[in-house]
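Here are some notes to read alongside the structure. Take the points in order, and keep the 3D view open as you go.

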Amino acid sequence: MSLSHTAAEYMLSDALLPDPGGSRAKGLRLELPSDRLLKFVTVGLPLFLVSLAFAREFSAGSQISCFSPSNFTGKQSAYVDTACWDSLIHHGFDAEGHAITKSLWALKVFPYSLLVVAVLMYMPYLLWRYAAAPALHSDLLFIIDELDKSYNRSVRLVQHMRKVQQASAEPERFWEEYERARRERYFEFPLLERYLTCKQHAHSLVFIYILRNLLLLLFLAATCLYLVFLHLNIFFQDEFSCSIKTGLLQAEPHIPSLIPCKLVFFSIFQLISLSIGGVYVLLIPVVAYNALQLCQWDKGLLSVYEMLPAFDLLSRKMLTCPLNDLNIILLFLRANISELTSFGRLNAVNALREATANKQDIDTVVDFMTLLAGLETTKPKHP
């Protein structure tokens, strides 16, 4: 065997992709980077701020300071603080002098409402995890495995072609058979291509993904409206008049009818609500963009894989409306590009094809491998 033949065999054997050492199932990302960031911010921010609020409450002690009369003892003053904090009802008068009351109870439950907000923001993630992620995981495993195997089949095809061509007494006859096989699509990968085509007619994943983003938009908008309501009705009143003349104290003449009180934690709650509201308003366009990116195809990945023989999902105009499961799968294939070993090889071959003078001689990775294997001297030129 000549040195050139040995070198060609080693070159073709090195072109094969090695079998993955570990299981791909553990390394697959079932969330897009933007969705992961949204989950971290929308869930983590209220939890972080509410922890600060609770820490402030436990460290500072009483959250209210009432100005009791000077003749009250220490225990009586403590009772006034406790009673006013338990009621949180402002007693005032309207423009006509009529007595009115206004409940400030929402301030007491504000930290707990942030916990509810965090739970609501986590619900779209749970929907995706349990309703869509298992099916997406299976699709990604199959498609990634088939794409890598399709690349290896192309290389093995070149290895077989090289052996047949060397054993052939009529090289021109060999290349005629090769061209006829290409025209009749003998080198196609029907299982993979038909599976991807089938995913164009499925809409379960895209429906769940859009529903996830719509729920997230709804919860973001509801939280912002809730914070606006608090600011318009409560968060501009850090002082209120409290009445403790109830029950056994109602007939006591030395107890004033109204006692002025001030909320100690008021500025902290204002800062927390403004922080959450501002961040959530900025996240609304991000969520809308995540949903709108499904309105166009990510054709970069499939265009690279058209270097495989007879894999022409794009050129045969099989990509129709992008609102289907195939587009979702393409987005997640892009996010898991590190698991797709053949993409880097084919991308490099595609770049070399663009830099080659005779581009018409390289249509697929098989053409490129035949040139590298030293068969270019006998290969016929494409018209």
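1. **Reading the helix names.** A helix here is a DSSP run of type H or I with at least four residues, and helices are numbered from the N terminus. With that in hand, you can find Leu136 in helix H5, which covers residues 133–167. Please keep in mind throughout that this is a predicted model.

2. **Leu136 and its partner in space.** Is Leu136 buried or exposed? Its relative accessible area is 0%, and since buried means under 20%, Leu136 is buried. Try locating Leu30 as well: Leu136 and Leu30 are 106 residues apart in sequence, yet their C-alpha atoms are 7.4 Å apart in space.

3. **A cavity inside.** How many cavities of 30 Å³ or more are counted? The count comes to one, and the space in this largest cavity is about 80 Å³. Its lining is made up of Asp35, Leu38, Lys39, Thr42, Met121, Pro124, Tyr125, Arg212, Asn213 and Leu216. Three elements give two or more residues to that lining: helix H2 (33–60), helix H4 (105–131) and helix H8 (204–233). Helix H2 gives the most, with four residues.

4. **What kind of residues line the cavity.** Sorted by class, the lining has five nonpolar, two polar and three charged residues. Two of the lining residues, Lys39 and Tyr125, are worth a closer look together. Lys39 lies over the face of Tyr125, at 3.9 Å from the ring centre.

5. **Aromatic pairs, starting with Phe110.** A pair of aromatic rings is described by the distance of the centres and the angle of the planes. Across the whole structure, six aromatic pairs are found. One of them joins Phe110 and Phe269: the ring centres are 5.0 Å apart and the planes meet at 50 degrees, a tilted pair. Phe110 sits in helix H4 and Phe269 in helix H9 (residues 266–292), so this pair ties together parts that are 159 residues apart in sequence. Both partners are worth checking for exposure: Phe110 counts as buried at 0% relative accessibility, and Phe269 is buried too, with a relative accessible area of 6%.

6. **A stacked pair and a cluster.** Now turn to Trp128 and Phe332. Why is this pair called stacked? The ring centres of Trp128 and Phe332 are 5.7 Å apart and the planes are at 15 degrees; planes under 30 degrees apart count as stacked, so the pair earns the name. Trp128 lies in helix H4 and Phe332 in helix H11 (residues 325–335), so the pair ties together parts that are 204 residues apart in sequence. Both Trp128 and Phe332 are buried. Ring pairs also bring in Tyr209, linking Trp128, Tyr209 and Phe332 into a cluster.

7. **What the UniProt record adds.** An unreviewed UniProt entry places the feature "transmembrane region" at residues 109–128, 214–236 and 263–289. In the model, residues 109–128 are 100% helix and 0% strand, with the end C-alpha atoms 30 Å apart. Residues 263–289 are 89% helix and 4% strand, and there the end C-alpha atoms are 41 Å apart.

8. **A site in a loop.** The UniProt annotation "glycosylation site", again from an unreviewed entry, covers Asn71. Where does Asn71 lie? Look in the loop between strand S1 (64–66) and helix H3 (74–87). Asn71 has a relative accessible area of 52%; exposed means over 50%, so Asn71 is exposed.

9. **One more exposed residue.** Arg194 is found in helix H7 (residues 190–199). At 60% relative accessibility, Arg194 counts as exposed. Along the chain, Arg194 and Leu313 are 119 residues apart, while 9.5 Å separates their C-alpha atoms.

Technical notes
Residues numbered from 1 in each chain as written. Predicted model: local features only at pLDDT ≥ 70, side-chain atom pairs only at ≥ 80, totals over all residues. Heavy atoms only, no water. 1 Å grid on protein atoms, 1.4 Å probe; cavity = no way out; pocket = protein on both sides within 12 Å on 5 of 7 lines; lining within 4 Å. Points joined across faces, edges and corners; volume = space filled by probe spheres on them. Nonpolar A, V, L, I, M, F, W, Y, C, P; charged D, E, K, R; others polar. Phe/Tyr/Trp six-rings, centres within 6.5 Å; stacked < 30°, edge-to-face > 60°. Buried < 20%, exposed > 50% of the residue type's maximum accessible area, 1.4 Å probe, protein only. Lys NZ or Arg CZ within 6 Å of the ring centre and 35° of its normal. UniProt positions renumbered as here; feature names shortened; annotations may be inferred.
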